[in-house]
Amino acid sequence: MNKFIEILLYAVIFLIILFSAIACFSQVKYELPCRSDLLCLSKNIAISQIGTKELTGNNDGPEIEKYLKSVGLNPKGKYPYCAAGQYWSFRTACDSLKISRREIPIKKTALANGVFDDAQKRGKKIAYIPEINDLLVWKIINKWTGHIERTIKVGKAGWIICVGFNTGSSNPREGGSVRKVKRNIYHPLSRFLRVRGLIGFNAK
């Protein structure tokens, strides 16, 4: 009887570990509609910002102020701008194409997870496969804050190249610049920043 209980205990432990592992890889992808010309131009605009640096390392500077202003934040407020930069890229593309800003596929917000929450509500759930133009979103455990970046190149085994606003080599979320970075769609950015999922676009 004791042997049976021991085996049962090991089985329970195994199942707990198994379900925990599955949970770690349960990221999802939601797809939103977007004009193909807007998608292409907004990506190029985001890429054009690579190399932009903050003025004093405090979420400040003329370029950063433009990103923040695009989502309705006080440009002097020194707020994180990872999501604002992505939205600004779409908005600038709309203005360049002389089309309504209503065509912007993502929510107007400075919150990375606000963008994801909106995609979850409005989007179509599809296979978790990375594509160019996807937005990769992370979330800080037990908080509403996170980080977001845009895919510009897709590699193998979940590896992608992204444009990240407000990122850097030592601090991936508050890094002081706009950078081209290598990410994995399954890997956390730190002990606290876990991948939440992808937002894709159905070009029309």
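**Exercise 1. Work out how exposed Glu131 is in this predicted model, and say where it sits and what it touches.**

Step 1: start with accessibility. Glu131 has a relative accessible area of 41%. Buried would need under 20% and exposed over 50%, so Glu131 comes out as partly exposed.

Step 2: place it on the chain. Glu131 belongs to the loop between strand E2 (124–126) and strand E3 (135–140).

Step 3: look for company from elsewhere in the sequence. Skipping residues up to four places away, Glu131 touches Lys29, Thr151 and Val154. Lys153 is worth a look too: it is 22 residues from Glu131 in sequence, yet the C-alpha atoms are 7.7 Å apart.

**Exercise 2. Now go to Thr151: is it buried or exposed, and which residues is it in contact with?**

Step 1: find Thr151 in strand E4 (residues 146–154).

Step 2: check its accessibility. The value is 0%, so Thr151 counts as buried.

Step 3: list the contacts, leaving aside neighbours within four places in sequence. On one stretch of chain you get Glu131, Ile132, Asn133 and Asp134, and on another Ile160, Ile161 and Cys162. Cys162, one of these partners, is itself buried, at 0% relative accessibility.

**Exercise 3. Find the buried residues of helix H3 and decide how they are arranged around its axis.**

Step 1: pick out the buried positions. In H3 (residues 62–70) they are Ile64, Tyr67, Leu68 and Ser70.

Step 2: look down the axis. Those buried residues fall within an arc of 160°, so they line one face of the helix.

Step 3: turn to the other side, where Pro62 and Lys69 are exposed.

Step 4: ask what the buried residues pack against. The answer is helix H4 (82–97), strand E5 (159–167) and strand E6 (177–184).

**Exercise 4. Describe how H3 and H4 pack: what is the angle, and which residues meet?**

Step 1: recall that two packed helices are described by the angle between their axes and the distance between the axes.

Step 2: read off the pair. H3 and H4 pack at about 80°, and their axes are 8 Å apart.

Step 3: classify. Angles of 65 to 115 degrees count as roughly perpendicular, and H3 and H4 are therefore roughly perpendicular to each other.

Step 4: name the residues. From H3 come Lys66, Tyr67, Leu68 and Ser70; from H4, Ala84, Gly85, Tyr87, Trp88 and Arg91.

**Exercise 5. Look at Ala46: where is it, and what does it touch?**

Step 1: Ala46 is in helix H2 (residues 36–48).

Step 2: with 1% relative accessibility, Ala46 counts as buried.

Step 3: not counting residues up to four places away in sequence, Ala46 touches Ser89, Val163 and Phe165.

Step 4: try a C-alpha distance as well. Tyr87 is 41 residues from Ala46 along the chain, and their C-alpha atoms are separated by 9.6 Å.

**Exercise 6. How many disulfides are there, and where does that leave Cys94?**

Step 1: remember that a disulfide is a covalent bond between the sulfur atoms of two cysteines.

Step 2: search the whole structure, and you find 0 disulfides.

Step 3: check Cys94 by distance. The nearest cysteine sulfur belongs to Cys34 and is 7.9 Å away, and Cys94 is in no disulfide. The cut-off is 2.5 Å.

Step 4: add the accessibility. At 0%, Cys94 counts as buried.

**Exercise 7. Compare the backbone at Asn59, Lys78 and Gly72: what is phi at each?**

Step 1: keep in mind that most residues other than glycine have a negative phi.

Step 2: take Asn59, in the loop between H2 and H3. Its phi is near 55°, a positive value in a non-glycine residue. Asn59 is at 7% relative accessibility, so it counts as buried.

Step 3: take Lys78, in the loop between H3 and H4. Here phi is positive at about 60°, again without a glycine. Lys78 counts as partly exposed, at 47% relative accessibility.

Step 4: finish with Gly72, just after H3, where phi is positive at about 85°.

**Exercise 8. Zoom out: how many helices and strands does the protein have, and how much of it is buried?**

Step 1: count 5 helices and 7 strands. Along the sequence they run α-β-α-α-α-α-β-β-β-β-β-β.

Step 2: of the 204 residues, 45% are buried.

Step 3: consider contacts between residues at least 6 apart in sequence; 61% of them join residues at least 24 apart.

Methods. Residues are numbered from 1 along each chain as its sequence is written. This is a predicted model: local features need pLDDT of at least 70, side-chain atom pairs count only at pLDDT 80 or more; totals for chains, interfaces and linings use all residues. Side-chain values use heavy atoms; hydrogens and water are left out. Buried means under 20% relative accessible area, exposed over 50%, partly exposed in between (1.4 Å probe, protein chains only). Helices (H or I, at least four residues) and strands (E, at least two) are DSSP runs, numbered from the N terminus. The arc is that of the directions from the helix axis to the C-beta atoms. Contact means heavy atoms within 4.5 Å. Axes are lines fitted to C-alpha atoms, for helices over the stretch in contact, and angles run from 0 to 180 degrees between N-to-C directions. Angles under 35 degrees count as roughly parallel, over 145 as roughly antiparallel, 65 to 115 as roughly perpendicular and the rest as oblique.
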